[in-house]
Each structure stands twice: as C-alpha cells, then as structure tokens.
Amino acid sequence: MKGIGTGGGKAFAEIYIVNNDSVEINKYIINNIEAECKRIDNAREIAKEQIKAVMESNAKCQGDDNVGILDYQLLFLEDESFFDDIKRYIRDQHINCEYALHECVNNFIRDFEAIENDYLKERTSDIYDMEKRVQMVLAEKPLQDISCMDGECIIATDEMLPSQVMSMDRNNIKGILMEYGGKTSHSVIIARSMGIPCIVGLKDIKKLVTNGEKVIIDGNTGEVNINPNINDISDYQQYQDNKHLKNVELKKFIDRDTRTQDGVTMKILANISSENDIKLMLENGGEGIGLFRTEFIYINSKTLPTEEAQYRIYSDIAQRNKDKLFIIRTLDIGGDKSIDYLNIKKEENPFLGFRAIRYCLKNPHIFKSQISAILRASTFGNIKFMIPMIATLMELRSAKEMIDEVKKDLENKGIPFCKDTQIGMMIETPSAALMVDRFAKEVDFFSIGTNDLTQYLFAADRMNEQVAYLNSSFHPQLLKVVKDVVDCGKRNGIEVDICGHAGENPYLIPIWVAMGVDNLSVSIPSILAVRQQICNINKNDLIPVLEKVLSFDDAYEVEEYLKTKFQF
C-alpha cells in the first residue's frame, strides 16, 4: 500500500486497530430548551476535565513540549461567547445541541477551510478535535485508551485526535497509519515531534489490515509493507543499524561550528513558534533564532496581547537564548491568518490584500505596542527586528519611523533598551526583489521567505492544486532571484539569510552555499542534518553546479539534475 508520508523514518511492528467511532450528527426539534442548554454545558465541562488530565499526564511523563498544543482547545472550551452562540442557536431554532455545536464550529472555521498556512491548519485541527471530544461526551462514547500498551505496535485507524496522540505510549507505539489527515495536521505534527513515523491518506486502512499482522512502514515515502518477507525484515534491520550510526554521527555536530571543508562559515538558526521551542532548539545545537513568528502570540490570545505580555515572552526567550541571535518577525497577520478580535474584513484575494506590514502601518497602536515590547526586551539579548511583506520603500521607511518614535518615547520615560537594535526585512515580494539594491541601503540584513516569494513570483496561489507545479523551490527563475538578492547583500555589506522551507531542502542546500547565503533558518529537527551536510561539502566544488542549475529552463530539470548529482 502507499499513502502520504509525513516523515519519521521506518518502523516494524504488529498492527493494532484503534476504533474511534464516529458520531452521527442528526438534526431534530427539542421541546425542553433549557435542558438542552444544560446538556451542552455539562458536556463542555467533562471535555475540559478530560483535556486537563491529558495535559497533566503529558507534562509529567513526557515534558512540556506538546502540552501547549491543547491550550487552544481549552481556551475554546472556556470561551463563553462561543458557547453562548450555541445556546442561542438552540433557543432560536429549537434544535438539539449536537447539531447546534456542529453548525457553530463549521461557521467558525469556514474561512480556514482551504488554507496553506501550516499554523492555521493546526488550529483548524484543534477546533475539530475539541468538537469531536464534546460530541463523544454527548453520545456517551469513550475514546479508545492507548496510553498504555502491552507491546510494540503500529496503530491503524481512520483518524486520531491530537489529544490521543499526546496521551499514547511513545515507547511501545512505533508508527501510525491513518485514513484521514494531512502532513500539517496537528496529530501528525505531534507524532513527528515524538519521533513516530506517520502515514496518512490510506483509504480503508482498517479494513485492509488485521490485528496482529506484522507490517513495515516508511514514513518518508508513505509505503506500507504488510506481512513482510525475510528479506524485507533483513533490510529493515539494516536500516535500523544505519539509523543508529547516523544519529550517533549527528550528535557529533551539536557543538560544531557550521563550516564547509574549504572554510566558509554559516549559522544554522531555528524557526520557532513559541517560548516552548527554546529547550528543543538548544538541545539540537541551534545557533540562534532566525525567525520567531510573533503572530502566534496574537492567535493564541482571546484578546489583543498587551505590551507587558509580549515583553515577558520576548525577554524570556532572549534570556534562555543567551547571547545567540534572536530575530523577531513583527506581526504577520492577514492573508490566511485571521484573528477575530482584530476585525480584519474578509477579502476576495487575502494574500494580495491587507496583511502584515500593511495592517501594522494602518494600526499604529498595535504596531507600536509590539515595537516597544521588542525594544525593552532587547536589553536581554541579541535581538533584531525583521519586517515582513515589504513591497515599497515608503512602507519600510514608515515602519522605521515608527520604531524611531517608540525609541524616543522610551528614552523620555527613562526605560532602557538597546539603541542600536538592527532592523532587517523579508524579501517576499517581487517588487522588493526588483528594488533590492535600494532596500539594502535602508536595512541591516535581508531574510528571504521562499514560500511567499515563490507564490508571488509565479502568480500561483499555493492553495490551488491546479497550479501546484508552479510552487516549486527548484524553479531556475526563483533561484536567479535569490542569487540576485545574495549578490546585492555582498555588494552592500549586509547579511542575507533564508528562512523559508527551501532552506532545509537537502538538494538545494549546496546551491545556497554556492550562492553565498549567510545563514539558514530551519525547523528544529533539521538543524543537525543541515549542519552535517554543510560541514561535508566544499563551496568551490559547487560553483559549476550552481552555473549548471541556472542554465536550465524549468523546475523539473533542476530537481532531476540535483537528485542525480547528490545522493541522499
């Protein structure tokens, strides 16, 4: 069988089928309205206690890394306005609470249905998780307990709630096979953080396997080998031996400088989402933070975060990060990232609309509050500003003026801050890439956001499957744009980083090195592998490869050439 691989490598164990019975949601008229409202309130309280129990158990047994994932569900269950809407639905239409809950959840996430942004996809998964838990309580159907298993197994199921994945026995559960879900669903992300291979998109998986059957799965390729033969098992054992040796080898790079064999140095930084990521980043040898997505602070809050709340988060991260680089991206909201309390109107083309710096400049009280929090925290570490979605010099200069205004205000109040805090910008729009020499005279560094830059460069919506072929980091046109930005940085004496997903693609890393990219900011699990790869290559040997790549006409040619050239 073959499904969609989400990473995590291979696993070999017996199948254990988990039956998460679905709840059929029917609509019917009720007579006792207040009794129905009480039913939803009771179910809500039980669901809250269940989630708190999972969080407490996970924190004790497995640490804090994933506990924060359930915070959003708990906030949702504690949101009086949301449950008031459900009860209003019950009273106005005289309908049962199961149907009212389902309709209110669907209304809430309607704007999130086809988004490309990973974080918001995770939030959508959380809302569905919360709804299913409440629906199961209403139907008096318990979720199957997988917190303690007798032996090693690979779970086969239609879908798993994130809270189920968090509660499962990570020592004995070696893999997960699911019919539903995607690469960025929260269940998959949690499994990946636990080092458990996961494959999704396996139609009728529960019907095609039986309990106790042996299976080898490959979370990278999506392949499922049911009842493997002796040769297959021997190959798996060889894989495990090689994996152990590879992990031992990777650990040697935790404290190593990132340096090519011919002496070119870089930094491998981390993309992080919250203060909970710092511990894992340091354990994986991260040389600093190349991208802190501050919108998470806003998305995870029920109300506009205060300056003090932001200051505490930034200063805490800076202190734990010590003297390492800490690049804070200012609020990147709008587009596919909607926050109800900010009252951003729905737009026909949100990616081309009122987002990121455009929103901040029109809402100076919000922007200045964040700027002030960042500047105040700058006394605790090596903090830098990074401004997203800049398209014109006027936008950049307006942002810098606001930063200067906040500095003067802090000075007048006698509040300490680092006066020479550097300001950088993301290169995400074609207009910024075309004017890069002008922008280089205005900022201290560039960071290339390859995800958005690719989308805008090819005028191809990342959410549209019909144009997915255009959203490839291997396009020679994109590579030429990146090279132009890097060359501009060299001419003007400023650093150029890459913080998009392409920065950790093993086939493109040699290209970034050959171009002279200064730093790569990658996902935490990729840090050591990226460093090892860079330490084992010679930049001078890669110059002809770069020239060859830039001579190709399309992404397919580039990708095939690099896969032939570099064997991973």
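**Exercise 1. Glu152**

Does Glu152 count as buried, partly exposed or exposed, and what is its relative accessibility? Place the residue in the chain and list what it touches.

Solution. The model is a predicted one.
- Step 1: Glu152 sits in the loop that links helix 5 (118–138) to strand 3 (153–157).
- Step 2: Its relative accessibility is 47%. Buried requires under 20% and exposed over 50%, so Glu152 counts as partly exposed.
- Step 3: With neighbours within four places in sequence set aside, Glu152 contacts Ala13, Glu14, Asn172 and Lys174.
- Step 4: Tyr16 lies 136 residues from Glu152 in sequence, while the C-alpha atoms of the two are 9.3 Å apart.

**Exercise 2. The open sheet**

Work out the strand order of the open sheet of 7 strands, and state which strands stand at its edges.

Solution.
- Step 1: The order is 1-5-4-3-2-6-7, and the pairing is mixed.
- Step 2: The edges are strand 1 (4–5) and strand 7 (223–226). Each has a single partner strand, so one side of each lacks a neighbour in the sheet.
- Step 3: Helix 9 (residues 230–251) packs on this sheet and touches strand 2 (10–17), strand 6 (214–218) and strand 7. The direction of helix 9 makes about 120 degrees with that of strand 2.

**Exercise 3. Strand 4 and its partners**

Describe how strand 4 pairs on each side, and how far it is covered.

Solution.
- Step 1: Strand 4 (residues 173–178) runs parallel to strand 5 (residues 198–200), and 2 bridges join them. Leu177 has Ile199 of strand 5 as its bridge partner.
- Step 2: Strand 3 and strand 4 also pair in the parallel sense, over 5 bridges. Here Thr157 has Met178 of strand 4 as its bridge partner.
- Step 3: Of the 6 residues of strand 4, 5 are buried, and the strand is mostly covered.

**Exercise 4. Helix 14**

Check the length of helix 14 against the expected span, then explain why it is described as largely enclosed.

Solution.
- Step 1: Helix 14 covers residues 364–377, which is 14 residues. The rule is 1.5 Å times one less than the number of residues, and the expected span is given as 20 Å.
- Step 2: The end C-alpha atoms of helix 14 are 20 Å apart, in agreement with the expected span.
- Step 3: Because 11 of its 14 residues are buried, helix 14 is largely enclosed by the rest of the structure. Among the buried residues are Ile366, Phe367, Gln370, Ile374 and Arg376.
- Step 4: The buried residues pack against helix 11 (295–299), helix 12 (307–321), strand 11 (325–329), helix 13 (357–362), strand 12 (382–387) and helix 15 (393–413).

**Exercise 5. Strand 13**

Determine which way the residues of strand 13 point, and identify how it pairs with strand 12.

Solution.
- Step 1: Strand 13 (residues 423–427) has 5 of its 5 residues buried.
- Step 2: Ile423, Met425 and Ile427 point one way, Gly424 and Met426 the other, and all are buried.
- Step 3: Strand 12 pairs with strand 13 in the parallel sense over 3 bridges. Phe385 stands opposite Ile423 of strand 13.

**Exercise 6. Two positive phi values**

Compare the setting of Asn227 with that of Ala356.

Solution.
- Step 1: Most residues other than glycine have a negative phi. Asn227 has a positive phi, near 50 degrees, and the phi of Ala356 is also positive and near 50 degrees.
- Step 2: Asn227 lies in the loop between strand 7 and helix 9, whereas Ala356 lies in the loop between strand 11 and helix 13.
- Step 3: Asn227 is partly exposed, at 48% relative accessible area. Ala356 has 0% relative accessibility and counts as buried.

**Exercise 7. Cores and cysteines**

Which residues touch the most other members of the largest nonpolar core, and how many disulfides does the structure hold?

Solution.
- Step 1: The largest nonpolar core has 100 residues, of which Phe292, Phe446, Trp512, Leu520 and Leu562 touch the most other members.
- Step 2: Leaving out residues up to four places away in sequence, Trp512 touches Leu479, Val482, Ile498, Ala502, Gly503, Val517 and Leu520.
- Step 3: Another core, of 51 residues, lies apart from the largest one and includes Ala100, Ile146, Ala191 and Ile196.
- Step 4: There are 0 disulfides in the structure. Cys104 is buried at 9% relative accessible area, and Cys153 is buried at 5%.

Terms used: Residues numbered from 1 in each chain as written. Predicted model: local features only at pLDDT ≥ 70, side-chain atom pairs only at ≥ 80, totals over all residues. Heavy atoms only, no water. Helix = DSSP H or I, 4+ residues; strand = E, 2+ residues; numbered from the N terminus. Buried < 20%, exposed > 50% of the residue type's maximum accessible area, 1.4 Å probe, protein only. Contact = heavy atoms within 4.5 Å. Pairing = 2+ DSSP bridges. Axes fitted to C-alpha atoms, helices over the stretch in contact; angles between N-to-C directions. Core = buried A, V, L, I, M, F, W, Y, C linked by side-chain atoms within 4.5 Å. Disulfide = S-S within 2.5 Å.
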